[in-house]
Amino acid sequence: RQAQRLGGALHDAQRLLGLETAAKLHDIGKIYIPSEFLAKPGTLREVEMNLMKCHPEIGYQIVRDIPFAMPVADMVLQHHERLDGSGYPHGLKKEEIMLEARILGVADVFEAMSSHRPYRPGLGQKTSLDELLGKKGTVFDASAVEALADILEKEPDLLEDLQHHFP
């Protein structure tokens, strides 16, 4: 939902639909990750984290043969890539990462940081946004982060509303 709102800047209905579809499917690869890793209250061991980092590639394998009008499988594959090359699975940088995947990455990180996780309480919208703003243009796509900031300024309870409607 957040990715769709951030993607409004795409100005292309086909690309926006592709982004919306990828946003719904981006973590489908986690179906192959043991549930005890996903719900672990502490820090993941290196071997557990390495397995977790496989979920974009697994998701890609699951959806790659579905005939979407847009390259949804590539968006799923790239949603953890970062502008500085620090992401995974391939360490792509800047324009090597599809715009839709950069938008999806910002929405995904914001939601993950803001929301409760088994290993930590949610950081809240302000702290999460501040973290993204601090890494805008270096780790995260600047236009996607700015779009998120604009949305949150207009809709300060966005995440709470989304969590209420989509628990």
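**Group meeting talk: a chain of helices**

Hi everyone, let's start with one residue, Lys30: its relative accessible area is 27%, so Lys30 counts as partly exposed. Before we go on, please keep in mind that this is a predicted model.

What does the side chain of Lys30 meet? Its partner is Asp27, and the two side chains form a salt bridge, at 3.6 Å from N to O. Asp27 is partly exposed as well, because its relative accessible area is 24%.

Let's step back to the whole chain. There are 10 helices and zero strands, so if you read along the sequence, you simply meet α ten times over, as in α-α-α-α-α-α-α-α-α-α. The chain has 167 residues, and buried residues make up 42% of them. Its accessible surface comes to about 9200 Å², and carbon and sulfur atoms hold 54% of that. Now look at contacts between residues with a separation of 6 or more: 55% of these join residues that are 24 or more positions apart.

Next, the inside. In soluble globular proteins, nonpolar side chains tend to be buried together. In this model, the largest nonpolar core has 30 residues, and the members that touch the most others are Val106, Phe110, Leu129, Leu132, Phe140, Leu148 and Leu152. Which helices supply at least two residues each to this core? They are α2, α6 (72-78), α7, α8 (125-134) and α9 (142-154). Among these, α7 gives the most, with seven residues.

So let's spend a moment on α7. This helix runs over residues 99-114, which is 16 residues, and spans 23 Å from its first C-alpha to its last, close to the expected 22 Å. Is α7 largely enclosed or largely open? Buried residues account for 14 of its 16, so α7 is largely enclosed by the rest of the structure.

Leu152, one of the core residues we just named, is a nice one to click on. Setting aside neighbours within four places in sequence, Leu152 is in contact with Phe110, Gln125, Leu129 and Leu158.

Back to charges. The structure holds 12 salt bridges. One of them joins Glu20 and Lys24, whose closest N and O atoms are 3.4 Å apart. Both residues sit in helix α2, four residues apart, or about one turn of the helix. Lys24 is exposed, because its relative accessible area is 65%, while Glu20 is partly exposed, with 22%.

Another salt bridge brings together the side chains of Arg102 and Glu95, at 3.4 Å from N to O. Which partner is buried and which is exposed? Arg102 is buried, since its relative accessible area is 12%, whereas Glu95 is exposed, with 65%. There is also a network: Lys40, Arg45 and Glu48 are joined by salt bridges that share partners.

Last stop, the surface. Ile31, Tyr32 and Ile62 form a nonpolar patch there, and together they have about 350 Å² of accessible area. Where is Tyr32? You will find this residue in the loop between α2 (13-25) and α3 (35-38). Why does Tyr32 count as exposed? The cut-off is over 50% relative accessible area, and Tyr32 has 59%.

That's the tour. Thanks for listening!

Conventions. Residues numbered from 1 in each chain as written. Predicted model: local features only at pLDDT ≥ 70, side-chain atom pairs only at ≥ 80, totals over all residues. Heavy atoms only, no water. Patch = residues over 30% accessible without salt bridge, like charges linked within 9 Å, V, L, I, M, F, W, Y side chains within 5 Å. Areas by Shrake-Rupley, 256 points an atom, 1.4 Å probe, with all protein chains shown as cover. Salt bridge = Lys/Arg side-chain N within 4 Å of Asp/Glu carboxyl O. Buried < 20%, exposed > 50% of the residue type's maximum accessible area, 1.4 Å probe, protein only. Expected span 1.5 Å × (residues − 1). Core = buried A, V, L, I, M, F, W, Y, C linked by side-chain atoms within 4.5 Å. Contact = heavy atoms within 4.5 Å.
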